[in-house]
Structure formats: structure tokens, C-alpha cells
Amino acid sequence: MAGPEPYYVTTPIYYVNDAPHIGHAYTTLACDALARFKRLDGYDVKFLTGTDEHGQKVEKSAAAAGMEPKAFTDKVSRNFRDLADFMNFSHDDFIRTTEERHLRACQDLWRRLEERDQIYLGTYAGWYAVRDEAFYAESELSKGPDGKSLAPSGAEVEWVEEPSYFFRLSAWQKPLLELYENNPGFILPKTRRNEVVSFVKGGLQDLSVSRTSFRWGIPVPENDAHIMYVWLDALTNYITGVGYPETESGQYARYWPADLHMVGKDILRFHAVYWPAFLIAAGLEPPKRVFAHGWWTNEGQKISKSVGNIIDPIQLVHRYGLDPVRYFLLREVPFGNDGDFSHRAMVHRINGDLANDFGNLAQRVLSMIARNCGAAVPEVGPLDADDEALLAGAHGLHAGMAETMDGQAFHEALDILWTVVRGANAYVDHQAPWTLRKTDEGRMRTVLYVLAETIRHLAILAQPFMPDSCGRMLDQLAVAPDARSFAFLGPDHALAPGTPLPKPEGVFPRFVDEEGEGGT
Ligand code: MSP
């Protein structure tokens, strides 16, 4: 029998120049939901995240903090690791680019590129934006209000002239276009794919891949006057994480090529153009997919340090609760689009979708069972068409959700789940078990059983998004911890009548504003 299929998903590695903010939490959250979904679906998942610790930007931030780069990166990297734990992320590995394993991987990749004549020594003279750690052509720049030249991202650029190694990126235009053409799912969403395709069609320049004007980075093998360009260093983390340079056995052989690199739209070009070009040029396989998600604004405004409207994910969770925040971020915006964070929208989701819809469903069903069925899973009698329809909806959820998750349409997966949440609430109202209690207790028990079994499906399938809350819901249904994977969906593993149930308690409380406003 073949073992479980591997699935390898990565987040970008985060610059340690600053405290983590909502953007960082968002990218990793999306990967976490996916990794959890795939694990529950029987895959052998590897989920990698980490920190990007080299380069001029980090060096400058360390200097500004009056610290040595290594001590500075140790401190800031820890904040990212703590955030990951705080957000209940389920990564299997946390990589830091200052680790020895990563130095080895980068230098090996460099040698492979050199051996294949993909790298040559020259001089770089051009524009560089430290904030983006990116080179720009004159034609891409615009003038800021104070006359300074700006990159398309708004970052200030500076003129750089120094000896540099170059990667023969220009030679890879055709193979890249073929890669995009032959693998329509390589870059998602589609609109982003079109942007990359037209960028590459516009022609590619050779890429400067080393710097000599500062020291904080990985030395070029055999010429340590140069350190590697931080993006070459950073992108390599995805193969360091699976044990490269060992390619014939172990994790690389099992997990590479990665199934998915999740990135924000601002760093798509590095992942969808440079990275596959480096890999193909080195004789290695490119990843299977790069998905570029959108950006969050705060109450309609671009998030920026100078505006002072940075959203701290830790504060957000203290205010609204972890699972509601996880749910909101993945439900509110079609994944791939930009989204706006607002208190109003957040409260609307908490009180509408979570408290009124899902929470109330579980609460009223479980408390009726506690009061009227001896605090045990009720006996089930013959099923009528309404019962069958609700259960069929619950049984059908997995297929639809799995398909949307495979396309990274998290909002759609949740939307599908909510069709059954709403269907179950309509069924309760229509069946009115509180009336049946007086007229037909047998039928009441059947109705409550059908509902409990529906809630079991909902809670199992919502675990990737809200692991803690759904875990508590499953506790209340006495579903054993080892019976919560998707293999236990469907009628074969249905709740057993007579199973004693613990005392029910609400899982999704309403949010009440400081002023006592409950929103929706
Ligand atoms: N170090 C590079 C990535 C190297 S990967 C080989 C980097 N780091 S970053 O810390 O600046 O950004 C990491 C991620 O946060 C990016 O995917 C970026 O899109 C995301 N976000 C930053 N601000 C954001 C929002 N306001 N909204 C959503 N995501 C945003 O780039």
C-alpha cells in the first residue's frame, strides 16, 4: 500500500528589521489553515516558515538599535517565533537564514550555478532600494514630492556602483515562459499570472547576485569580498528546509518540488521569476505553485509605520479572541484580493457568522440534548426526507471544501461550510424540537441526533480555521481526539447513541463593545 502523499507548503521568511504585524500573521495563517486541512485529509505535510536575517536592511536596523547584527536578529527572530506559537500555527520547522545548514545550502547552490556557467563577475551600476532589497531600472522610477527617486513600491532608491557577480537571467526568458504556459496553475491568482507573463515577455536583464559594500550576509564561496544578494540567500531557504544540498534522499527527495510557496503580491516577482530561473539553471526542479495574496489596509488606509496605523496581531487577538481573528482574516476577503480591516466588519463576523450562526446552532442543540436526552447522544429513529437532506449536505461538504482549498480559495471553503450551518439552523427552526418534546419525544430525539451528527461534520471540517474552538465543540460531542480527521467524516463513523456527553458550554461568545454595543 502506498504511504500518505507528501505536501510541502512554505511561507515567505520574514525580515527581522521590525516587529511582526498583521501582514506577517496573515501569510502564515493562510498556510497554517492549508497545512492543517491537508494533514486532516491524510497528507504527509511539511510546513515551513522562518526569518530572513541578512542584508543591508537588517544590518541598518541592527545599527539603529545599537546592536550587533547577530544579537539583533536573535532577538527579533524570537518575536516571530513567539507570534507563530501565539497564533497557534502548526509549522513543522522554523528556519533562520543565519543557521549553519542554510549557509551550506546557499554556497552549494552558488557552486552549482557557477559550474553551469550561470554566474559571471562584472560591475553593477544602477539603482537599489534597501527597503525592498531590490534593483531597479531607471525607467521604473518616479520622483517623490521632495525630488527623491522612488521605486514603484514607494521605497527610496540609491545609486550603487560596485563589483558584482551576475546571474544570466536574460538566458531564461524562454524557459520561464514555457514553464508558465505548460503549468497554468504555477502562478495564482490568474491576474497576477498575467502580470508576470507580461513582465517576462518584456525581456529580462542579468541579475546582480552579490554585493561588496557591506558585510552582513553569506560569503560567496572562493571570493568572500562578496556576499550573496539577500534574495538569492532568502529564496534558498525553501530547499535548505528540506535538507538541500542532499537531494537524492531524505526530505528533499520526499518533499521537493514544493507544492506551494505562499507570498504577498509585493514579492511575487522574486518567487515566480528569479527563483524558478535559479533552480532550473542549477538543474533543480521549480516549485509547483506560487500564490500571491493581497494586502490589508486599516479602516481604509494603507498600513504604514509613518502613519502609525500598524495592526499588531497580538493586540487584535487580545481584543477579539484567536479563533475569531483567524476566521475573520480568511473569511472576510476573497483570498488573493486586497482587504480592509475594520472593527465593524470584525464585530459583524463575530456576532453574525460565529455567535448567531455556528455558535448558537451548537449551543441550542447541545443544551437541548443535555436537558432532554439524559446528557447522552440521543437514540435515532427512522429518517425523513428533511433529515436525509441535511445529512447529505454535511456528508457532501468535504469534497467541495477540498477542491476550493486546493485552489487557495479559503473564503469559498468557509462559505461552503456555512451553507450547512445555515441549513442546520433552518432545520432546527422548522422541526422545532422544543415543540416535539411535548408531542413526539421519539421524533425530537431523531431531530437532535441528526443535528448533532451535522455539527460533528461542521466542527471537524472547520478545525483548520479555528482549531481550538472546534476542538472544544468536538469535546462536547465526545468525539475522541483520534477520531477527528477527515477519514472519520461520513455515516460510517456517526455518533453512537447513548454515548455520555459532557456539560455543554458556548464556544463562540458575542462581542460586546466597551460601550456595550453588540454590533449585528
Ligand atoms: N524577507 C522577504 C521575503 C523573503 S521570502 C524568500 C519579505 N519579508 S517581509 O517581512 O517584508 O514580508 C513578508 C510578507 O508579509 C510578504 O508576503 C508581504 O506581502 C506580507 N505583508 C506585508 N504587509 C502586508 C499587509 N499590509 N497585508 C498583507 N500582507 C502584507 O518580503
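In helix α4, the residues that come out as buried are His102, Ala105, Cys106, Gln107, Leu109, Trp110, Arg112 and Leu113, and I should say at once that everything I describe today is computed from a predicted model. As for the geometry of that helix, α4 runs over residues 100-115, and its 16 residues, at 1.5 Å a residue, should span 22 Å, while its end C-alpha atoms are 23 Å apart, which agrees. Just after α4, the backbone at Asp117 takes a positive phi of about 55 degrees.

Let me turn to strand β1, residues 6-15, where we find Thr11. Thr11 counts as buried because its relative accessible area is 1%, against a cut-off of under 20%. What does the side chain of Thr11 make a polar contact with? The partner is the side chain of Thr49, at 2.7 Å. Leaving aside residues up to four places away in sequence, Thr11 touches Thr28, Cys31, Phe47, Leu48, Thr49, Gly50, Tyr238 and Met262.

Now to the aromatic rings, for which the count comes to 30 pairs. One of these is Tyr8 with Tyr255, whose ring centres are 6.2 Å apart and whose planes stand at 55 degrees, so the pair is tilted. This pair links distant parts of the chain, since Tyr8 lies in strand β1 and Tyr255 in helix α9, residues 250-255, with the two positions 247 residues apart. Tyr8 is buried, with a relative accessible area of 0%, and Tyr255 is also buried, with a relative accessible area of 10%.

A second pair to look at is Tyr120 with Phe166, where the ring centres are 5.6 Å apart and the planes are at 15 degrees, so this pair is stacked. Here too distant parts of the chain are linked, with Tyr120 in strand β4, residues 119-129, and Phe166 in strand β8, residues 158-167, 46 residues apart. Is Tyr120 buried or partly exposed? Tyr120, at 27% relative accessibility, counts as partly exposed, whereas Phe166, at 9%, counts as buried.

Beyond single pairs, there is a cluster, linked by ring pairs, that takes in Tyr26, Phe291, Trp296, Tyr320, Phe328, Phe335, Phe341, Phe410 and Phe511.

I will finish with charges placed over rings. The charged end of Lys38 sits over the ring of Tyr43, at 4.1 Å from its centre, and the charged end of Arg211 sits over the ring of Tyr128, at 4.4 Å from the centre of that ring.

Terms used
Residues numbered from 1 in each chain as written. Predicted model: local features only at pLDDT ≥ 70, side-chain atom pairs only at ≥ 80, totals over all residues. Heavy atoms only, no water. Helix = DSSP H or I, 4+ residues; strand = E, 2+ residues; numbered from the N terminus. Buried < 20%, exposed > 50% of the residue type's maximum accessible area, 1.4 Å probe, protein only. Polar contact = N/O pair within 3.5 Å; in protein donor to acceptor, adjacent residues only side chain to side chain. Contact = heavy atoms within 4.5 Å. Expected span 1.5 Å × (residues − 1). Phe/Tyr/Trp six-rings, centres within 6.5 Å; stacked < 30°, edge-to-face > 60°. Lys NZ or Arg CZ within 6 Å of the ring centre and 35° of its normal.
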